[in-house]
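Open the model in your viewer and switch to a cartoon representation. Keep a selection prompt at hand for the stops below.

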Amino acid sequence: MVNTKKQNKKYIVYIAINLYSSVHHVEARGHSGGIWLLKQQGSNITADVFEVYKDTITVRLSLGNAKWFLSGIYASPVNSSRLDLWNNFTELRRDITEPWLLMGDFNEIIRPSEQKGGTYSHSRAVPLLNVMNNCNLVDVKTTGGLFTWSRPCTGNRMVFRKLDRVLADVPWCMAFLEAYVEVLCKFHSYHKPLLLRCGLPRQNYGPRPFRFEAAWIIHPDYSDIVKVAWGKTAGDFIGSLQQVQHDSIIFNKECFGNIRKRKAHLERRLKGIQNALERVDSARLIYLQRDLQQAYDLILRQEEIHWYQKAIEDWIKLGDRNTKFFHTKTVIRRKRNKIHGLHLPNGLWCTDDDLLRGEAHNYFKKLFCSSSPSALNGINDGPHSPTLNEEACRSLTSQITKEEVAQALNQMHPFKAPGPDRFQGIFFKQYWHIIGDDVVRLISTVFETGGFPPSLSETLIALIPKMDCPNNFKEFRPISLCNTVYKLITKIMVNRLRPFLNQIIGPYQSSFLPGRGTTDNPVRLSRNGPPLSHLFFADDVLLFAKATKSQALNIASTLKSFADYSGLQVNVSKSKVFFSSNIRRGKISSIVTSTGINRTLSLEKYLGFPMMHGRLQRRDFEFLEEKISKSLASWKHNLLNKAGRMTLVKSVLNSIPNYYMQIAWLPQSTCDFIDRMARNFLWKGSSDTGMHLVGWDKITKPKKLGGLGIRKAREANTSLLDGFHYRLGNGNNSFWFTDWSGNDMLANQVLFIDIHDLEIRVRDVHIASTWNFNSLCNTHLETTLHCLRDCDFAQSIWKSIGFSNLNFFQGDDPYVWIRNGLHCSSMFLFMATIWWIWRARNALCLNSESILFYSLKLRIMDYALLIENCHSNHHDTSTSKLVKWNALGGTGMILNVDGSSLGNPGISGFGGLIHNADGAWVLGFFGNLGVNNILHAELRAIYKGLLLAWDLNIKDLWCYSDSEMAIKLISESVDQWHHYAAILNNIQDILRRDWQVLILHTFREGNAYADYLAKHGANNNKVFSSIATPPAGLNLSLLADASGTWFSR
């Protein structure tokens, strides 16, 4: 395809000489370019012209049964003319039903990163973006250079842009998996030629490396394969893992087979059976069809897992069987990461795989390896560094336990990229009951001896592109892929060290300690601001100094000392020096020469955030808009239903912009763009067409108010900017049991918490940036007696139901007053009144709901009658419930368990206690799970409680838990694919032992003490601890349980 700006005589000669024939052409008209589509003579590809519109030619290419459309484009430099062309593409999309590719000069860029010099116009890019979204087009992978057009501008400046590109729809990308575009060298034109390579001959890279397939887990025979293989070399972890690899390969070849082929085979058999059943009635065929349908469902599930494993999508969950989405995601990711060619250190462009592999090996060996030892002499001459105390040292060097290793394993993502052993975390989780002891034994040996087999620390280096079109190895980010056991060792070390980090990390460090964030220590640079010498974080360092040669040499000397001590090297090519505007040129030149670091006119980025001076404008955040638009690409919309799109929108809005929102006040236009992208993607991709069925204001409300819980960009920016609001987050943190204030949990600072207040969240009392603890009357300090008795509103309630004696309102001790009320003749009415006055107070203070006086009085009378009927053994049809400990009347030993999570996920713990049937304390326990979710905490509580009861030789056990989900999972057969299949199998194994165990549900009010121990575990650093005697101050709670006290629910 050729864009022309001259008459056709020379090109006819060109065609004749080079043996090309013309498919179609549009002649150049004055300054307007023309376009020629040429086909090599002798080619067996058929090209039929489908449409010609202005300077754009669309042809239908066919080779045998394969057909696809190609549009050769020359878009006019005039914006209004381009708009007509974009509209034509949208209309043309309706007529094209086969794969479609568009290639040529679009004369427009769509992202800020597609230009260097000049000004990006978002309004001009939007029409082309809409075409891409409406037509489901994506950029084809480009190599050889990011920009395709360049020319000199005023002042000898060069302007670079990506005006030429290749777009294709998803079906075309799926048909040509290896396709990519190579940007060639230009000679006489401002434009660089584009070469589309639809595919390359497959090369033989040797045997395909082993990789564990998660779909094997579903196969009923694979568990036995693992068990037998692991037992062949018992005690040798490395040998056992290699044996599992060997046997898995045989299993996959002889038993499991190719999923696609098995699926096609079953489809053919099912179709044949269904055709036969149309002709004859056959019970055998009906039963065979049922069996084949079950086998087909299993294959569909295996296919879903297979592509989910390859797609690496964290935000979408298994269950919608969207294999097309997973497949497309995998193909596009592979295209993006595929390296087709790079510039070698000598400047030559190389596409040879063998040569590129050798250069990559040499480059990273030179980068990561050093032949000279570090110069450590004198490194300890400075001030003493902080040290850990004895408790921390004991914790770090304590004996490894199986529970600790299992906890670390559960904290790992099951599908993270594997290391050289090719086993992901899902394998270790699923078959923990088989391999767990050997894993623990190996890790224990590592901690005891300080050494491990060299193969354990082998690491793969994966190259992740830092930009769209990387040209050399410096433009890749190396990522280390470690073996799972190696990651387990580091995870255990992190878990042990985390509670003691505040002993060795200074108070101004805001990135490593739990509870600290980036905004806790803001620094604003100004003329009268605090003096700074440096900002240091990992590989991003800002050094401040006077613009003198002596200071520059001092910095260079400091950097050299750092390199000598650490063995690391300063990357001079990436380092820049920034001068203020009043520094003389001679001094700038002297400093640059002495340090070897080039000058920059922009501070660029620090920790990924642009260092901007002056008023922030929308163009300063164009990179953020580009990130979000890429994450909400229209091809994803077309493969997801509304629920999937909502999940993706939440994932994008809760991850990409948050980091920048907590540091800077985003321009309103940027916030509007973010909201518009989310809104349009939710309803119809990223285009501006389609009907939005529900208003954005309603969608962004919390779920309990009828919304979808999506956050508006401006509201999120406002809350994240305030460090205090940052801790509050969206208000879902527990008011009592999370350290949202930075001054420890409130639960640790009060004597007791009413059981009905345990679920209060921060948002319940922090409304519209103000604290709302208002009482019913707002005239006095709210105390217990004032709220329940002395408030004018409360007094009017008491007097209206018959409590008019003046002695009733006397006394200052609330415990004495309540005790007297419980022993009066109207004790049921007294109890109901206290309850409903408290309920009315909470409804007003927390939900701004007012209960009418007359309505409240009726509720009190009804509730009093309900309580009296309950104590009189009368049945009542009310939906209200009264709950007590051991509500089902267990006659054996009673085990109460509970889990707690300070956030979900968050720091989690479990706890429980064993009573005898009379309620007497036998033994309690609690433990910490680190960062986890509530379901795992509930299951861990049941598991540890059952183990403890078995160790006590208890043969008749009633186990109460307030988690219906946990009980349901335990009572059913375990789904081998479930995230907690390992612990569920362990629990069921314990239940099958020689004893009588009942797993029963209770409400939280009947499980209060276990709830207390679980929260204690979440706020404790111990992995597991048993309690022989009840903690002081809680004997009254035990007495209430033992005496059968009822609690209203």
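The tour goes through a sheet, then a helix that packs on it, then a pair of helices. The model is a predicted one.

**Stop 1: the sheet**

Select the six strands of the open sheet, whose order is 4-5-6-7-13-9. The pairing in this sheet is mixed. From one strand to the next, the twist averages 25°. Now colour strand 4 (46–53) and strand 9 (137–139), which stand at the edges. Each has a single partner strand, so one side of each is left without a neighbour in the sheet.

**Stop 2: strands 5 and 6**

Select residues 56–63 for strand 5 and residues 66–74 for strand 6. The two run antiparallel and are joined by eight bridges. To see a position where they face each other, show T58, which stands opposite S71 of strand 6.

**Stop 3: strand 7**

Keep S71 displayed and add L102, its bridge partner in strand 7. Here strand 6 and strand 7 run parallel, with six bridges between them. How many residues of strand 7 are buried? Six of its six residues are, and the strand is mostly covered.

Next, trace the chain from strand 6 through helix 2 to strand 7. This path is a β-α-β crossover, and its hand is right-handed.

On the other pairing of strand 7, select strand 13: five bridges join the two, and they run antiparallel. L101 is the residue to show here, standing opposite A168 in strand 13.

**Stop 4: helix 2 on the sheet**

Show helix 2, residues 79–95, together with the sheet it packs on. Which strands does helix 2 touch? They are strand 4, strand 5, strand 6, strand 7 (100–105) and strand 13 (164–169). The direction of helix 2 makes about 130° with that of strand 4.

**Stop 5: helix 2 and helix 3**

Finally, add helix 3, residues 122–134. Helix 2 and helix 3 pack with their axes 9 Å apart, at an angle of about 10°. Angles under 35 degrees count as roughly parallel, and the two helices are therefore roughly parallel to each other.

For the contact itself, show these side chains as sticks:

- from helix 2: R82, L83, W86, F89, T90 and R93
- from helix 3: R124, P127, L128, V131 and N134

Coloured by residue class, the residues of this contact divide into six nonpolar, two polar and three charged.

Terms used: Residues are numbered from 1 along each chain as its sequence is written. This is a predicted model: local features need pLDDT of at least 70, side-chain atom pairs count only at pLDDT 80 or more; totals for chains, interfaces and linings use all residues. Side-chain values use heavy atoms; hydrogens and water are left out. Axes are lines fitted to C-alpha atoms, for helices over the stretch in contact, and angles run from 0 to 180 degrees between N-to-C directions. Helices (H or I, at least four residues) and strands (E, at least two) are DSSP runs, numbered from the N terminus. Angles under 35 degrees count as roughly parallel, over 145 as roughly antiparallel, 65 to 115 as roughly perpendicular and the rest as oblique. Contact means heavy atoms within 4.5 Å. Ala, Val, Leu, Ile, Met, Phe, Trp, Tyr, Cys and Pro count as nonpolar, Asp, Glu, Lys and Arg as charged, and the others, Gly among them, as polar. Two strands pair if DSSP finds at least two bridges between them. Buried means under 20% relative accessible area, exposed over 50%, partly exposed in between (1.4 Å probe, protein chains only). A crossover is right-handed if, with the strands pointing away from the viewer, the path from the first strand over the helix to the second runs clockwise.
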